[in-house]
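Visitor: I am new to this structure and would like a close look at a single part of it, a helix if possible. Please take me through it slowly, and then show me how the rest of the chain looks around it.

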Amino acid sequence: MILTNLTRSNEIGANSYLLDFGADGRVVLDAGMHPRSEGLHGLPHLEKLKFDSVDTILVSHAHHDHTGALPLLMRDHPSARVFMSEPTYYMAEPLLHNSVQVMLKQKAEKGIAEYPLFTHRELDQLVKVWQACGLERGWSPNGYPDPENEPLSFTFHDAGHILGSVGTAIKHRGRTIFYTGDVNFTDQTLLRAAEFPRDEIDVLITETTRGSQSMAEGFSRDQEVERLAVALEETFAKGGAALMPVFAMGKTQELLAQLHFFQKSRRLPETPIYIGGLGRSFCEIYDRLAGRTRRKYPKLNLLEDIAPQVMDGRRARDFSPKKGHIYLISSGMMTENTLSNIFAQEFLAHDRHSIFFVGYCDPQSPAGLLRATKQGDSVTLNTTYGAQPVRCRVQHFDFTAHAQREDLLRYILEVKPRVCVLVHGDPPALAWFQQELAVQAPGMKVVIPSPGEGIEL
């Protein structure tokens, strides 16, 4: 087997990896788009794949950095079959249609000539090729379950990252290659921890997102939940409102459920919670599949029981933060001209209001810049508004959907693969895992694949 890292650099970006099994098939794991790059620079090295040379495409989950380039990969490989979990099947389509809208907007605002990279009409046709596969069951690359005497098969396992996220076990002539995708080994508010295989894995391809972040002594998710409750109570006591920039998929649903539990336990008053339109679409999918997934609280209907208000165009135009109101608004990185970025302008100048971050913030994004700014200093979140003083409360809560590095290292050491391939991490994160494994598993071959180069495993 030859593995080719199709990403453009060793970082968290446009994730995509080719597994070449020779005459037995060529498999691509994920096809993402880089969240910080624009135009063709945001794509994986898809040009390294000869036209229609891929047999199978396996999608780990519906986040943009894993699915954003899927329509382009499918366009270049029309014979390839595409497989994913059932929730990903339903969530990737609205995500990609939203991507078309974003590209059309950026084409008008920034003059990016190649946008959109695909169209709504093209996407409608490509979706017809997708196949949803059940978890914990072997599948043939030809699309049927429980294959026998085939050289190549795959099995999806719940990854606990977002709804529908999976790790993928690929069996090839007696060997097992396991790709973690994005994984979380800790229960979240709605999602349960990953259920991954531990035995007989020859090659492990693992994410390393949090490799450069050590877990604080005594850290627990319950502790973060309590910190958030106290911070919200203090904000409301001052007559303020809370803006929580979130991803429409995953973080919106997790935080919506947690806020609901705060209100039901009377930690917080039952005041309105606002979400975005795309966040509402994903809530509907979470609710529809509640009884068919490993979701906690399957009887909790996010839209009916919590009844969040949707921040539509009219409300957005007339926006002014109101006492005790909570705004779960995307984008999570506060990208320029998204609602969370625009709304932040109404929060920055007032010390009674708060902006709370609940997940990863790229240091170069507006969210990352704001997190790094001390209260009283100035920050530029949007070139239209320029530098503004930060008087509001800004705080971060670690509700990560990625595995802590200690948990991921423990999993690698449990599995004891012959080869461990480190991906999906910035250089310091990759280096930490490489160094730890050199000490704790000296007999294990550890590989950090260079972008665009094939490695025989």
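Guide: A residue is called buried here when its relative accessible area is under 20%, and exposed when that area is over 50%, with partly exposed in between. The model is a predicted one, and the part I have chosen is helix α5, which takes in residues 221-237. This helix has 17 residues and reaches 25 Å from its first C-alpha to its last, close to the 24 Å expected at 1.5 Å a residue.

By that cut-off, the buried residues in α5 are Arg221, Glu224, Val225, Leu228, Ala229, Ala231, Leu232, Thr235 and Phe236. They cover an arc of only 165 degrees around the axis, so they lie on the same side of α5. The spacing of such a list follows a general pattern: an α-helix has 3.6 residues a turn, so residues three or four places apart point the same way. On the face of α5 turned away from its buried side, one finds the exposed residues Asp222 and Ala237.

What do the buried residues of α5 pack against? Their partners are the strands β12 (242-245), β15 (326-329), β16 (354-357) and β19 (393-396), together with helix α6 (251-264). After α5 comes Gly239, whose phi is positive, near 85 degrees.

Arg221, one of the buried residues of α5, is also touched by Asp187, which has further contacts with Arg192, Ala193 and Lys296 when residues up to four places away in sequence are not counted. Asp187 sits in the loop between β10 (175-179) and β11 (203-207), and it counts as partly exposed because its relative accessibility is 34%. Its side chain reaches the backbone nitrogen of Ala193 at 2.7 Å, while its C-alpha atom is separated by 7.5 Å from that of Gly160, 27 residues apart from it along the chain.

A second link leads through the strands that α5 packs against, among them β16 (354-357) and β19 (393-396). Arg371, placed in helix α11 (residues 366-371), touches Phe357, Cys361, Val394 and His396, again leaving out residues up to four places away in sequence. Arg371 is partly exposed, with a relative accessible area of 40%, and its C-alpha atom is separated by 8.1 Å from that of Cys361, 10 residues apart along the chain.

Elsewhere, Asp287 offers a buried example, at a relative accessible area of 14%, within helix α7 (residues 277-288). The side chain of Asp287 reaches the backbone nitrogen of Leu303 at 3.1 Å, and the contacts of Asp287 beyond four places in sequence are Arg295, Leu300, Asn301, Leu302 and Leu303.

Stepping back to the whole, the protein chain holds 13 helices and 22 strands, and buried residues make up 57% of its 457 residues. A compact globule with 457 residues would have a radius of gyration near 23 Å, and the 22 Å of the protein chain agrees with this. Among contacts between residues at least 6 apart in sequence, 70% join residues at least 24 apart.

Technical notes: Residues are numbered from 1 along each chain as its sequence is written. This is a predicted model: local features need pLDDT of at least 70, side-chain atom pairs count only at pLDDT 80 or more; totals for chains, interfaces and linings use all residues. Side-chain values use heavy atoms; hydrogens and water are left out. Helices (H or I, at least four residues) and strands (E, at least two) are DSSP runs, numbered from the N terminus. Buried means under 20% relative accessible area, exposed over 50%, partly exposed in between (1.4 Å probe, protein chains only). A polar contact is a pair of N or O atoms within 3.5 Å; within protein, one must be able to donate a hydrogen and the other to accept it, and residues adjacent in sequence count only if both atoms are side-chain atoms. Contact means heavy atoms within 4.5 Å. The expected span of a helix is 1.5 Å times one less than its number of residues. The arc is that of the directions from the helix axis to the C-beta atoms. The radius of gyration is taken over C-alpha atoms; the globule rule is 2.2 Å times the number of residues to the power 0.38.
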